[in-house]
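The exercises below are to be worked with the sequence and the model side by side. Each task is followed by a solution that proceeds step by step.

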Amino acid sequence: MDFLDFSFLKLTVLDIIDMLLVAIIIYYIYNLIRGTIAVNIFIGFILIYVLYYVTEALKMRLLSSILGSFVSVGFIALIVVFQQEIRRFLLTIGKNISLRNRTWLKFLFKKEELEKNNMAKIKPIIDACKTMKKTRTGALIVFAKYFDQDAFVNSGEVVDAKISKRLLESIFQKHSPLHDGAVIISENLIKSASCILPLTENDKLPPQFGLRHRAGIGVTESSDATALIVSEETGEISYAQQGRVKMNISFTDLERLLNKDFN
Ligand SMILES: Nc1ncnc2c1ncn2[C@@H]1O[C@H](COP(=O)(O)OP(=O)(O)OP(=O)(O)O)[C@@H](O)[C@H]1O
């Protein structure tokens, strides 16, 4: 069978390491975009890429040249389509580096002291959520690790105030002029209020999720922020992270999540 050349199947140890590394990268990319519509585009692109290699190895010239040109242009298209995910990926790398620095900080300044300080920051937020849950006050609070001036300030009102239970409750109470939209917390401050966020396009969300939940999830798809949503309808608290949402969480869970993500 001269026309079939399977010489490309000869594997060396380096090839196996190479494939393992590619598999790990693909797994991480998949994990990053799981639950978002980007996953379908990603799977489609991987299939075309595999097909291209198969047709090239089988020397199907016409098909492989068509797929080849698609793959080369596809890389540019991928950058455009996945710009939000690429941005999140780069932010995750940066975040991991700063997390490592924080581990050193814990060695330098006792772990318990950092946790105590963190709890002092989280408590007013949890207490405000308890009240808003009871009074069925809708709220959307975003915790941004990097405060993106353009994204958050342009659409809302600058607040730049210390985090306090009463301030959060006042912002979200129904008659406040700032109650519509999201509050952004960053750098230990309530940076802005009444911010308009990008809505998620995820079509697999529960039907009861309206604009507040969609905005909370949307902001976590396009940035490394996390979002806390108090439902006006049910008082339920949801927590969104990387485009995924945990519904109806308890205050103990909320405390654990904020302790992990907001410091
Ligand atoms: N793009 C947006 N960015 C930030 N907040 C938004 C955005 N769109 C809508 N909101 C907020 O969501 C509110 C409307 O919420 P809606 O009832 O549609 O949401 P929901 O997810 O069903 O939540 P709830 O359970 O509280 O009703 C608006 O009053 C506004 O405060």
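Two residues are in contact if their C-beta atoms, placed from the backbone, lie within 7 Å. This is a predicted model, in which local features need pLDDT of at least 70 and side-chain atom pairs count only at pLDDT 80 or more, while totals for chains, interfaces and linings use all residues. Residues are numbered from 1 along each chain as its sequence is written.

**Exercise 1. The chain as a whole**

Task: state how many helices and strands the protein chain has, and what percentage of its contacts with a separation of 6 or more is accounted for by residues 24 or more positions apart.

Solution. Begin with the secondary structure, where helices (H or I, at least four residues) and strands (E, at least two) are DSSP runs numbered from the N terminus. On this basis the protein chain has 9 helices and 7 strands. Turn next to the contacts: of those with a separation of 6 or more, 60% are between residues 24 or more positions apart. Finally, consider burial, for which a residue is buried if 20 or more other C-beta atoms lie within 10 Å of its own, exposed if 12 or fewer, and partly exposed in between, with C-beta atoms placed from the backbone. Of the 263 residues in the protein chain, 25% are buried.

**Exercise 2. The sheet**

Task: give the order of the strands in the open sheet and identify its edge strands.

Solution. Two strands pair if DSSP finds at least two bridges between them. Following the pairings across the open sheet gives the order S2-S4-S3-S1-S5-S6-S7, with mixed pairing over the 7 strands. The edges are strand S2 (157-162) and S7, each of which pairs on one side only. From one strand to the next, the twist averages 25 degrees, where axes are lines fitted to C-alpha atoms, for helices over the stretch in contact, and angles run from 0 to 180 degrees between N-to-C directions. One helix can then be placed against this sheet: H8 lies across S1, strand S3 (182-186), S5, S6 and S7, and runs at about 170 degrees to S5.

**Exercise 3. Strand S5 and its partners**

Task: why is strand S5 (residues 226-230) described as largely enclosed by the rest of the structure, and how many bridges join S5 to strand S6?

Solution. Count the buried residues of S5: they are 5 of 5, and the strand is therefore largely enclosed by the rest of the structure. Both faces are covered, with Thr-226, Leu-228 and Val-230 buried on one side and Ala-227 and Ile-229 buried on the other. Then examine the partners in turn. Strand S1 (residues 139-143) pairs with S5 in the antiparallel sense over 5 bridges, and Leu-140 has Ile-229 as its bridge partner in S5. Strand S6 (residues 237-241) also runs antiparallel to S5, to which it is joined by 5 bridges, with Gln-241 of S6 opposite Thr-226. S5 and S6 form a hairpin with 6 residues between them, and Gly-235 in the turn has a positive phi of about 80 degrees. Continuing outward, S6 pairs with S7 in the antiparallel sense over 3 bridges, where Arg-244 in S7 stands opposite Gln-241.

**Exercise 4. The nonpolar core**

Task: which strand gives the most residues to the largest nonpolar core?

Solution. A nonpolar core is a set of buried Ala, Val, Leu, Ile, Met, Phe, Trp, Tyr and Cys residues joined through C-beta atoms within 7 Å. The largest one holds 38 residues, and those touching the most other members are Ile-141, Val-142, Ala-182, Val-183, Ile-184, Ile-185 and Ala-227. S1 gives the most to this core, with 5 residues. As an example, Ile-141 touches Ile-125, Ala-182, Val-183, Ile-185, Ala-227 and Leu-228, when residues up to four places away in sequence are not counted.

**Exercise 5. Positive phi outside glycine**

Task: where does Arg-136 lie, and is Asn-248 buried or exposed?

Solution. As background, most residues other than glycine have a negative phi. Arg-136, although not a glycine, has a positive phi of about 50 degrees, and lies in the loop between helix H5 (111-134) and S1. Arg-136 counts as partly exposed because it has 13 C-beta neighbours inside 10 Å. Asn-248 likewise has a positive phi, near 45 degrees, and is placed in the loop between strand S7 (244-246) and helix H9 (251-261). Having 12 C-beta neighbours inside 10 Å, Asn-248 counts as exposed.
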